Structure formats: structure tokens, C-alpha cells
Amino acid sequence: TVLTCSYLAKAKRWTMAKPVIAIVGRPNVGKSTIFNRIVGERISIVEDVAGVTRDRIYSSSEWLTQQFNVIDTGGIDIGDEPFLEQIRQQAEIAIEEADVIIFIVNGREGVTDGDETVAKILYRSKKPVVLAVNKVDNPEMRSEIYDFYSLGFGEPYPISGSHGLGIGDLLDKAIASFPEKEEIEYEEGTIKFSLIGRPNVGKSSMINAMLGEERVIVSDIAGTTRDAIDTPHTFDDQEYVMIDTAGMRKKGKVYENTEKYSILRALRAIERSDVVLVVINAEEGIREQDKKIAGYAHEAGRGVIIVVNKWDTLEKNDKTLDKFTTDIREQFVFLDYAPILFVSAKTRQRLVKLFPIINEVYNNHSMRVQSSVLNEVITDAVAVNPAPQDKGQRLRIYYATQVAIQPPTFVVFVNNPELMHFSYQRFLENRIRDVFTFEGTPIRLISRQRK
Ligand code: GDP
Ligand code: GDP
């Protein structure tokens with residue numbers, strides 16, 4: 001139960017696109033220390049369930065009542081570029097992705113060339129920058145910070161990442177600098193979807209092929225929000241919006257091919273989507289990174305479809321498809337509900353099936369079930385497989401009700417929520433899935449004590 005409750009809290013935090021803070025600065029100034037201070041201990045559920053380890057460069061957090069996401073740009077590995085080039089690119093990512101930038105310098109070293117390089121890039125953007133002077137571990141050192149006025153970002157904030165000093169004031173300032181949100185509303189019933197995946201799996205090719213589909217009417221390709229490009233279109237009388245973060249289709253920058261950056265992109269797209277297509281490259285098979293990306297979609301509670309692209313590249317026999325399916329089911333255990341489609345953007349094989357599957361998953365993701373039927377299902381399930389006893393007490397289930405959609409969320413009233421073990425909960429979930437068509441959507445089950 002602890003698991004499911006944090007699940008729901010987490011899902012709720014994801015439903016709106018939140019403002020983003022990016023941390024920049026040259027190596028060793030303390031970026032990751034401060035990132036960890038800001039996000040605290042947030043253990044991912046997918047990490048727990050699927051054994052997927054996640055490099056933490058992106059996390060949600062909150063300060064007072066404001067929720068936001070934080071990026072540690074220092075964790076984005078640009079490859080073998082020279083040092084100055086790396087920090088230059090990290091600063092560019094910050095400008096592109098963030099609403100507010102926290103620029104960190106080292107109070108023990110004074111202003112360096114590296115700091116000035118970062119500063120020059122940040123000047124060129126219109127994004128608010130808050131300058132933090134780190135490693136100011138004691139009050140006597142506070143006078144050191146005045147040198148940093150020369151960087152041109154106004155008042156420097158003295159902080160100590162390792163001692164946790166000054167972080168509150170810094171966050172107050174960062175949050176006060178968030179711009180007004182301009183989230184566009186689409187008509188009810190419009191399906192927002194996105195394609196996510198590692199670089200080169202064929203996302204852009206698929207998008208072009210899908211939007212090039214004869215019956216698709218693209219109404220308008222516009223830079224609608226500051227960082228997303230939405231493509232509204234109609235197909236067979238259904239309205240869709242394809243969410244494309246910061247122009248997936250216009251590429252060129254070196255960092256756009258880095259895997260961590262692709263995760264960032266994916267996260268921004270997931271936040272605004274109802275249904276997420278997780279694209280895998282058949283030619284290369286399943287990679288660790290695919291699982292991470294898919295894990296985010298699952299955790300965010302979105303509808304998920306697994307799309308295996310470049311199906312044309314494989315030598316196939318009558319077992320290839322089954323074998324690939326088995327592999328996916330083994331590797332993406334947490335996505336057992338997601339339909340799998342094998343396509344080729346190149347030959348257009350099975351692309352026509354995509355929109356109907358998106359519709360179906362969307363409907364399942366938004367489905368409400370009747371309480372009476374739900375309770376029958378649960379009563380039958382308990383009759384077939386009674387809840388096990390624990391410390392002499394048996395779980396009793398009184399009543400269940402659906403409390404939310406997108407994803408469908410059920411509250412089960414019981415005598416004692418601690419008696420609802422993970423395996424029994426899975427059993428109930430599976431029984432619910434057997435009866436209702438929840439293909440493509442996660443469902444949540446929350447146990448509550450009956451008052
Ligand atoms: P990054 O490369 O910018 O992400 O920097 P890290 O967070 O990895 O920190 C670099 C080094 O500085 C580590 O050895 C940290 O322990 C140390 N450090 C970070 N913050 C502080 C601080 O406030 N005071 C002191 N004295 N050391 C710090
Ligand atoms: P993205 O980085 O995920 O957007 O991937 P792209 O759409 O840019 O595709 C990467 C490369 O894979 C390009 O050279 C495409 O031509 C190629 N590609 C994409 N889809 C397919 C496919 O279905 N079959 C084959 N053989 N190549 C593909």
C-alpha cells in the first residue's frame with residue numbers, strides 16, 4: 001500500500017507540465033551536490049520494480065507549495081568534446097529546456113575563465129539566471145562573494161551544498177523568477193500523443209510517415225508553448241495533437257544525439273501526453289536505455305504502446321515475431337499491459353494500425369467502470385483466491401470504487417491496508433484486467449481503511 005500511495009502522489013505530480021530549473025556551471029563547483037539537496041531522496045518506483053538503475057540528472061521536487069523539475073546539466077555527458085565545449089553545450093541545453101537557470105560558481109576559487117564562458121552563453125538567452133556561489137561553508141567567507149557581481153547576474157547567493165546552507169533563499173529566488181505558465185488547452189476528446197525513444201530509432205521518420213498519411217489533415221504546425229511544438233491534426237474524424245518537444249524533427253546539435261538528452265526530451269513529451277509510443281529499433285534490439293525511457297512513461301501513468309520500428313531490417317522466419325515479443329515481455333515486465341506493434345517507417349508496414357491503437361489505448365486510459373460490476377469482479381476474485389492471513393489477521397475487502405481516470409484508479413476499502421500485500425494486489429489488478437479492457441493503460445489500486 002505504501003507503494004501504491006506514493007504511486008498516485010507521483011502520478012499527480014506529473015499531470016501538468018511543471019516549470020523547470022536547470023543547474024549549470026563548470027565541473028566540480030558542486031552542481032550534483034546541490035541537485036541532490038534540492039531533490040532530496042526520491043526513489044523511483046520503476047527502479048524498485050524493474051531493477052532499472054537511473055542516472056539522476058532529472059527529478060521532480062517542490063519548495064513550499066511550488067512543484068517543479070530540476071535538471072543537473074553537468075550529468076549530461078557530451079562525449080569526447082573538449083572541456084570548454086562541454087560546458088558550452090550544457091549551458092545551451094539549460095537555456096533550451098529551463099524556465100530558470102541556477103548558475104553555480106565556486107566561492108573558493110574566484111571567477112574563472114570557465115565561469116566567464118558559461119556567463120557569455122547565458123547572457124544571450126532571455127531566461128532568468130540566479131547566480132549561486134557555492135562552498136561558502138561558513139559566514140566569514142561571505143565577503144568573498146562580491147567578486148562574482150562582475151559576472152553580471154546581479155546579487156550572488158552564497159550557499160553551501162555540502163552543509164545545506166542558503167538553499168532555501170536560492171530556491172525562493174528561483175521560484176520567484178518562474179514565468180507565467182501558458183499551457184494551451186485543447187478541446188475535450190483531443191488525443192495528445194508523443195513518440196519517445198533513443199536517438200536514431202526512427203521517431204522522426206515515423207512522425208513524418210504518420211503525418212504524411214493521406215487521410216491526415218495537419219491543421220497547423222506552430223511553436224505553441226515555449227518548448228514544445230504541437231502538431232494538431234485530424235484522422236478519420238478524430239482530433240489529435242502530436243507533442244514534439246523542441247522540434248524533434250529539426251536536429252543538428254551534437255548533444256541531441258546523447259542518450260541523456262534524449263531522456264530529457266522524452267520526459268517533457270510524456271508530461272503533456274495522454275498516450276506515449278515507446279519506439280524501439282528492431283535492428284539493434286532492446287537496450288537498457290529503452291527500458292529507462294519506457295519506465296518514465298509507465299511511472300507517469302500514461303497510456304503506453306511499444307512500437308518496434310525498422311522491422312524491414314530483420315531476416316525473418318515464422319518465429320521472429322514471437323521471439324521478439326517474448327524478449328519485450330521479459331525486459332519490460334512493468335509494461336505487461338502495453339500492446340506491441342511491429343512497423344517500418346521505411347516500407348510503411350503496419351503504420352495504418354497506429355492511429356486505431358492510439359484511439360483504443362486512449363479510451364482505455366479514460367475508461368470508467370461501473371461500481372457494481374467492479375465489486376462483483378472483486379467478490380468473485382476473493383472467492384476464488386481468498387486473501388492470505390498475516391500475523392493471524394486476514395485481509396477483508398469491503399468495497400471498491402473508481403476514483404479517477406487517466407489512468408484508471410481504484411480505491412479498495414479494507415479492514416487494514418497493511419494486509420494488502422503486493423502479490424495479492426497484483427492478483428486483484430489482473431482480475432480487473434481480465435474483465436475490463438484496460439489494454440495499454442496502467443491501473444492503480446489503493447487500499448484504504450474503512451472508517
Ligand atoms: P559538479 O561536478 O559541479 O557536479 O560538482 P560535485 O557536486 O560533484 O562536487 C564537486 C566537489 O565539491 C565534491 O568533492 C563535493 O563534495 C564538493 N562540494 C560540493 N559542495 C560543496 C560545498 O558546499 N562546500 C565544500 N567545501 N565542498 C563542496
Ligand atoms: P530518430 O532519431 O529516432 O528521430 O530517428 P530518425 O527518424 O532520424 O531515423 C534514424 C535513421 O534510421 C535514419 O537514417 C532513417 O532513415 C532510418 N530509419 C528510420 N526508420 C526506418 C525503418 O523503418 N527502416 C529502416 N531500414 N530505416 C529506418
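## Exercises: two ligands, a helix and a core

A nitrogen atom of ligand 2 sits 3.1 Å from an N or O atom in the side chain of Asn-309. That's a polar contact (a pair of N or O atoms within 3.5 Å; within protein, one must be able to donate a hydrogen and the other to accept it, and residues adjacent in sequence count only if both atoms are side-chain atoms).

Some housekeeping: this is a predicted model, where local features need pLDDT of at least 70, side-chain atom pairs count only at pLDDT 80 or more, and totals for chains, interfaces and linings use all residues. Residues are numbered from 1 along each chain as its sequence is written, chains are lettered from A and ligands numbered from 1 in the order in which they are written, and side-chain values use heavy atoms, with hydrogens and water left out.

**Exercise 1.** Work out which residues come nearest to ligand 2.

*Solution.*
- Of the 16 residues around ligand 2 (a heavy atom within 4 Å), pick out Asn-200, Lys-203, Ser-204, Ser-205 and Asp-312 as nearest.
- Now look at Asp-312: an N or O atom in its side chain is 2.7 Å from a nitrogen atom of ligand 2.
- Ala-345 joins in through a backbone N or O atom, 2.9 Å from an oxygen atom of ligand 2.

**Exercise 2.** Do the same for ligand 1 and find its closest residues.

*Solution.*
- Ligand 1 has 15 residues around it, and the closest are Asn-28, Lys-31, Thr-33, Asp-137 and Gly-161.
- A polar side-chain atom of Thr-33 is 2.5 Å from an oxygen atom of ligand 1.
- The side chain of Asp-137 puts an N or O atom 2.7 Å from a nitrogen atom of the ligand.
- Gly-161 uses a backbone N or O atom, 2.8 Å from a ligand oxygen atom.

**Exercise 3.** Check the length of helix α8 and explain why it counts as largely enclosed.

*Solution.*
- Helices here are DSSP runs (H or I, at least four residues), numbered from the N terminus.
- The expected span is 1.5 Å times one less than the number of residues.
- For the 14 residues of α8 that gives 20 Å, and the end C-alpha atoms are 21 Å apart, which agrees.
- Twelve of the 14 are buried, so the rest of the structure largely encloses α8; buried means under 20% relative accessible area (1.4 Å probe, protein chains only).

**Exercise 4.** Find the residues with the most contacts inside the largest nonpolar core.

*Solution.*
- A nonpolar core is a set of buried Ala, Val, Leu, Ile, Met, Phe, Trp, Tyr and Cys residues joined through side-chain atoms within 4.5 Å.
- The largest has 61 residues, with Phe-103, Leu-122, Ile-196 and Leu-335 making the most contacts inside it.
- Helix α8 (residues 259–272) gives the largest share, seven residues.

Note on methods
Buried < 20%, exposed > 50% of the residue type's maximum accessible area, 1.4 Å probe, protein only. Helix = DSSP H or I, 4+ residues; strand = E, 2+ residues; numbered from the N terminus.
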